[in-house]
Amino acid sequence: EISIAVRRAHRNKGIGEALLTELEKRYRRQGIQAISLSVNRDNPATRLYERMGFEIVSESGTSLVMKKTLGTSS
């Protein structure tokens with residue numbers, strides 16, 4: 001499970017997407033097949049995660065667990 005954060009003053013500038021994209025590249029090179037994260041259901045970042053291919057795999061209270069299966073690097 002990964003954990004990232006972007007300071008409030010730097011949000012909505014593509015930084016979170018760039019971080020996730022780089023993490024995915026590195027994990028693919030390492031042969032990692034999937035990544036997951038937890039997020040509060042009201043967190044606007046949930047839309048970013050969905051756009052990047054994460055899917056909700058479980059819910060507990062106000063938290064969502066989201067997972068993305070990674071393809072192989074080319």
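**Exercise 1. Which residues are linked with E24 in a network of salt bridges?**

Before starting, keep in mind that this is a predicted model.

Step 1. Look for the partners of E24 one at a time. Within helix α1, the side chains of E24 and R28 meet in a salt bridge, at 3.5 Å from N to O. These two sit four residues apart in the helix, so about one helical turn separates them.

Step 2. Now look beyond the helix. E24 also forms a salt bridge with K68, where the closest N and O atoms are 2.9 Å apart. This pair ties together distant parts of the chain, since E24 belongs to helix α1 and K68 to strand β3, 44 residues away.

Step 3. Put the two together: E24, R28 and K68 make up the network.

**Exercise 2. Work out whether each member of that network is buried, partly exposed or exposed.**

Step 1. Take the cut-off: buried means under 20% relative accessible area, and exposed means over 50%.

Step 2. E24 has a relative accessible area of 5%, so E24 is buried. K68 comes in at 12%, so K68 counts as buried too.

Step 3. R28 is at 23%, which means R28 counts as partly exposed.

**Exercise 3. Find a salt bridge in α1 that involves E22, and describe its setting.**

Step 1. The partner is R26, with the closest N and O atoms 3.0 Å apart.

Step 2. Check the spacing. Both residues lie in helix α1, four residues apart, or about one turn of the helix.

Step 3. Check the accessibility. E22 is partly exposed at 30%, and R26 is partly exposed at 45%.

Step 4. For the wider count, a search of the whole structure turns up five salt bridges. As a reminder of the principle, side chains of opposite charge can pair when their charged atoms come close.

**Exercise 4. Place K67 in its sheet: what stands opposite this residue, and what does K67 touch?**

Step 1. Locate K67: this residue is in strand β3, residues 63-69. With 39% relative accessibility, K67 counts as partly exposed.

Step 2. Find the pairing strand. β2 and β3 run antiparallel and are joined by five bridges. Opposite K67 stands E55.

Step 3. Follow the connection. The two strands form a hairpin with two residues between them, and G61 in the turn has a positive phi of about 60°. Strand β2, residues 55-60, is hardly covered: the count of buried residues among its six is zero.

Step 4. List the contacts, skipping neighbours within four places in sequence. K67 touches A34, I35, S36, G53, F54, E55 and V57. For I35, the C-alpha atoms are separated by 5.7 Å, although the two positions lie 32 residues apart along the chain count.

**Exercise 5. Describe the largest pocket: what is its volume, and which elements supply its lining?**

Step 1. Start with the volume, which is about 620 Å³. Of the 24 lining residues, G16, N43, A45, L48 and Y49 are the closest to the centre.

Step 2. Assign the lining to elements. α1 (15-29), β1 (34-40) and α2 (45-51) each supply at least two residues. α2 gives the most, with five.

Step 3. Sort the lining by class: 11 residues are nonpolar, seven polar and six charged.

Terms used: Residues are numbered from 1 along each chain as its sequence is written. This is a predicted model: local features need pLDDT of at least 70, side-chain atom pairs count only at pLDDT 80 or more; totals for chains, interfaces and linings use all residues. Side-chain values use heavy atoms; hydrogens and water are left out. Buried means under 20% relative accessible area, exposed over 50%, partly exposed in between (1.4 Å probe, protein chains only). Contact means heavy atoms within 4.5 Å. Two strands pair if DSSP finds at least two bridges between them. On a 1 Å grid over the protein atoms alone, a cavity is a set of points where a 1.4 Å probe fits but cannot get out, and a pocket is an open set with protein on both sides within 12 Å along at least five of seven lines; lining residues have an atom within 4 Å of a point. Grid points are joined across faces, edges and corners, and a volume is the space filled by probe spheres set on the points. Ala, Val, Leu, Ile, Met, Phe, Trp, Tyr, Cys and Pro count as nonpolar, Asp, Glu, Lys and Arg as charged, and the others, Gly among them, as polar. A salt bridge is a side-chain nitrogen of Lys or Arg within 4 Å of a carboxyl oxygen of Asp or Glu.
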